[in-house]
Amino acid sequence: MRSVIFAVSTALTVLLSACTGAASSVPVNTVSSVSTRTSITTSSEVDERKLALQRERNHRRQQKIKEAREADPAYIAQMEEKERLQREKLLEAERKRTERANRQKKLSRKELKEAAKTDPKAAEEWQALKEKEAVARQRKKEREEERMAADPEYAAMMAERKAEYTRTRTAKRQAEREALVELAKTDEEAAKKLAEMRKYQSQATVRSYQKMKADAEAGDPDAIKRYETTLAKRREEYHRKKGA
């Protein structure tokens, strides 16, 4: 009996020693890291639930404030005024955009001349354009005169070119005028256009004669020569009609 008790005691002692050794072989760091991860995970979940509850409370609070404001007449009037100002701001921005687009879009010379008849701003632009063109023509004329004075061959070429241009232009205008005269016999619109053309030509002739006379009196050699030629033609025409 004693031997059995001794054997059992020995076996229990060996088993207890083995369990103690196994427990002592587990790293301390592993246990602590597992505990830390569990603690962090638990804390993160708690914080997320708190934030979700806070967002929900804020949403309900903002909704209540919005409903209270929308029920206030003063708030409604304030919002309507704000919307009106926004609309006016958008309209003003669109107007400025349209003006910029119109400024960037340049009219052709023909379009500008037509618009100048009814639009004061276009009339100013048309007048400025004519003045600019007159200055450019005068500069070109002066350069050509200087070159013609220094180069006889160039002067002869320019004289021939000018004469050819005058002949071609005169023939074209004469053909157009004859066609318009023929059409005016049956077309009322063509008759009105012909009358306006004759009126314009008469006024242009008077203006040209007055300018030529003023330039001749101012001492311009070319104007004096043209003025004398014009007077000679008038005298010749007068005597021819008187003799007839």
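Patches, as the word is used here, are made of residues with over 30% relative accessible area and no salt bridge, with like charges joined within 9 Å. With that in hand, a look at the surface of this predicted model turns up a negative patch formed by Glu142, Glu145, Glu146, Asp220 and Asp222. Helix H5 gives the most to this patch, with 3 residues. Asp220, for its part, sits in the loop between helix H7 (188–217) and helix H8 (221–243).

Positive charge gathers on the surface too, in a patch made up of Arg139, Lys140, Arg143 and Arg161. Here again H5 is the top contributor, with 3 residues, and Arg143 is one of the residues that lie in that helix.

So much for the patches; now for H5 itself. This helix covers residues 120–150, 31 residues in total. From the first C-alpha to the last, H5 reaches 45 Å, close to the 45 Å expected at 1.5 Å a residue. At its start, Asp119 lends a hand: a side-chain oxygen of Asp119 comes to within 3.1 Å of the backbone nitrogen of Lys121.

Then there are the charges that do pair up. Side chains of opposite charge can pair when their charged atoms come close. The count of salt bridges in the model comes to 13. One of them joins the side chains of Arg60 and Glu56, at 3.0 Å from N to O. Both Arg60 and Glu56 belong to helix H2 (residues 28–70), where they are 4 residues apart, about one turn of the helix. An α-helix has 3.6 residues a turn, so residues three or four places apart point the same way.

Key:
Residues are numbered from 1 along each chain as its sequence is written. This is a predicted model: local features need pLDDT of at least 70, side-chain atom pairs count only at pLDDT 80 or more; totals for chains, interfaces and linings use all residues. Side-chain values use heavy atoms; hydrogens and water are left out. Helices (H or I, at least four residues) and strands (E, at least two) are DSSP runs, numbered from the N terminus. The expected span of a helix is 1.5 Å times one less than its number of residues. A polar contact is a pair of N or O atoms within 3.5 Å; within protein, one must be able to donate a hydrogen and the other to accept it, and residues adjacent in sequence count only if both atoms are side-chain atoms. Patches are made of residues with over 30% relative accessible area and no salt bridge: like charges are joined within 9 Å, nonpolar side chains (Val, Leu, Ile, Met, Phe, Trp, Tyr) within 5 Å. Accessible areas come from the Shrake-Rupley method with a 1.4 Å probe; for residues, only the protein chains shown count as cover. A salt bridge is a side-chain nitrogen of Lys or Arg within 4 Å of a carboxyl oxygen of Asp or Glu. Lys and Arg count as positive and Asp and Glu as negative; His and the chain ends are not counted. The place of a charge is taken as NZ of Lys, CZ of Arg, CG of Asp or CD of Glu.
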